[in-house]
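Please read these points with the sequence and the structure open side by side. They go through the annotated regions, then the cysteines, then a pair of strands.

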Amino acid sequence: MIQFCTRCLKIGIISDTASNCTVGGCEQTCTDLKDGGYVCHSIRGFRISPNNPKICNDIDECAEFTHNCSQLCTNLNGTHACSCREGFVAEINGVCRLEQGAITLIYSDSPEIRAFNLTSHTAKYVIKGDSIESLDYEPVSGIVYWTDSYGKTIKRSYLPGSPERANVTMGYAQNLDIESRAKPTGMAVDWAGLNLYWSETDRTGNKPRGSILVYTLDGRYRHSIITTGLEVPTSVVVDPDHGYMFWTDIGSIPKIETSWMDGSKRRILVSDAISQPTGLSIDFAMEHTIYWVDVKLNKIEMMREDGTRRTLVAYGNYLKHPLSLDVFESSIYWVTRDSGEIYSMDKFGRGVPVKLPGEFANPSSIKGAS
């Protein structure tokens, strides 16, 4: 007749009910209960099976988004391992650093665009504009694009010192003649399809009307892809690798939405516990993770592209109302609304924010480049 354990027994001690009973029949660890009986536990890296309370299943930290790998995560039995993509080298705690070259932060500062070298901590003047709302960078050609909210158009220029213009010391603005009655707000470069996406808000009526449009990089073939259910879009990013587009809306119903890059298959990703999401960024190196800032709630959050595994990265007044952000290596960089500063922080929220040196007038947008 089969008998079952009623208490935890160490290996080598004979049970009162079964001669082969050790640790109560638990796969890993066991704890006696005060009033009789016992409960099984799992060691770190495992959890109790929902189908059998004595069996322990491995936790996949990579799939569950509980790792701290700045780029690649590989699940192992009871743990996980971090690694880096080509062109990066691994440091301690899963951090990946650029193997060669330097990181440059391109940011708009009032009517100017400047570039800040994170290695030498030096800033250089890129170009002077009128009223720069947002910007993006196309790394292959070395061209920076920006929205001119005063002229309600889009302009571009070669980035001085970029691979295509190594000897150029100052940029030259080219107007793409993309004009509209609406105010441009966010923009994103599709480096694969060589297209330019941008969001705008038309306030000529009783209620603001937002839209998202796409052009070729030289300003031709205008096409509206999102024209309904959008009020005040503030940021737009694209993922050409997966064919997705993401944008934020701070209208009467604040939200983060996604669709295919042609505007189809549209759906809401985030609509709860959100107030004024003003900046988006995609961490392509870490499985295309989405980061965003909420300028009103003083939050930085992240999630997977399908909206799952939403995680709070940082929260509090010390963020100083983040307005725009970007992610590179193992850090996030953002500009502040009230103090007009640029900060960096570990992208998992470890440690404290670090203020970048330099004097800034009124930064509003930021983009990392290598």
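1. UniProt positions are given here in the numbering used for this structure, with feature names shortened, and such annotations may be inferred rather than shown by experiment. With that in mind, an unreviewed UniProt entry gives residues 58-97 the annotation "domain: EGF-like calcium-binding". Helices (H or I, at least four residues) and strands (E, at least two) are DSSP runs, numbered from the N terminus. By that count, residues 58-97 are 10% helix and 40% strand, and the C-alpha atoms at the two ends are 30 Å apart.

2. A word on the source: this is a predicted model, in which local features need pLDDT of at least 70 and side-chain atom pairs count only at pLDDT 80 or more, while totals for chains, interfaces and linings use all residues. Residues are numbered from 1 along each chain as its sequence is written, and side-chain values use heavy atoms, with hydrogens and water left out.

3. The unreviewed UniProt entry also places "repeat: LDL-receptor class B" at residues 243-286 and 288-331. Residues 243-286 are 0% helix and 52% strand, with end C-alpha atoms 17 Å apart. For residues 288-331 the figures are 0% helix and 55% strand, and the end C-alpha atoms lie 15 Å apart.

4. How many disulfides does the structure hold? There are four, a disulfide being a pair of cysteine sulfur atoms within 2.5 Å. In general, such a link is a covalent bond between the sulfur atoms of two cysteines.

5. One of them joins C62 and C73, whose sulfur atoms are 2.0 Å apart. The link of C62 and C73 is left-handed, with -75 degrees about the S-S bond. It connects distant parts of the chain, eleven residues apart: C62 is in helix α1 (residues 61-64) and C73 in strand β5 (residues 72-76). C62 has a relative accessible area of 13% and is therefore buried; buried means under 20% relative accessible area, exposed over 50%, and partly exposed in between (1.4 Å probe, protein chains only).

6. C69 and C82 form another disulfide, with 1.9 Å between the sulfur atoms. This link of C69 and C82 is left-handed too, at -75 degrees about the S-S bond. C69 sits in the loop between α1 and β5, and C82 in strand β6 (residues 79-83), 13 residues apart. Is C69 buried or exposed? C69 is buried, because its relative accessible area is 0%. C82, at 36%, is partly exposed.

7. The sulfur atoms of C84 and C96 are 2.0 Å apart and form a disulfide. The link of C84 and C96 is left-handed, with -90 degrees about the S-S bond. C84 lies in the loop between β6 and β7 (88-90) and C96 in strand β8 (residues 96-98), so the pair ties together parts that are twelve residues apart in sequence. Both C84 and C96 are buried.

8. C56 is in no disulfide; the nearest cysteine sulfur, that of C40, is 7.4 Å away. C56 is buried, with a relative accessible area of 8%.

9. In a regular strand the side chains alternate between the two faces of the sheet. Strand β2 (residues 38-41) shows this: Y38 and C40 point to one face and are buried, whereas V39 and H41 point to the other and are not.

10. Strand β1 (residues 29-32) pairs with β2 in the antiparallel sense over four bridges; two strands pair if DSSP finds at least two bridges between them. The bridge partner of T31 in β2 is V39. The hairpin of β1 and β2 has five residues between the strands, and G36 takes a positive phi near 105 degrees there.
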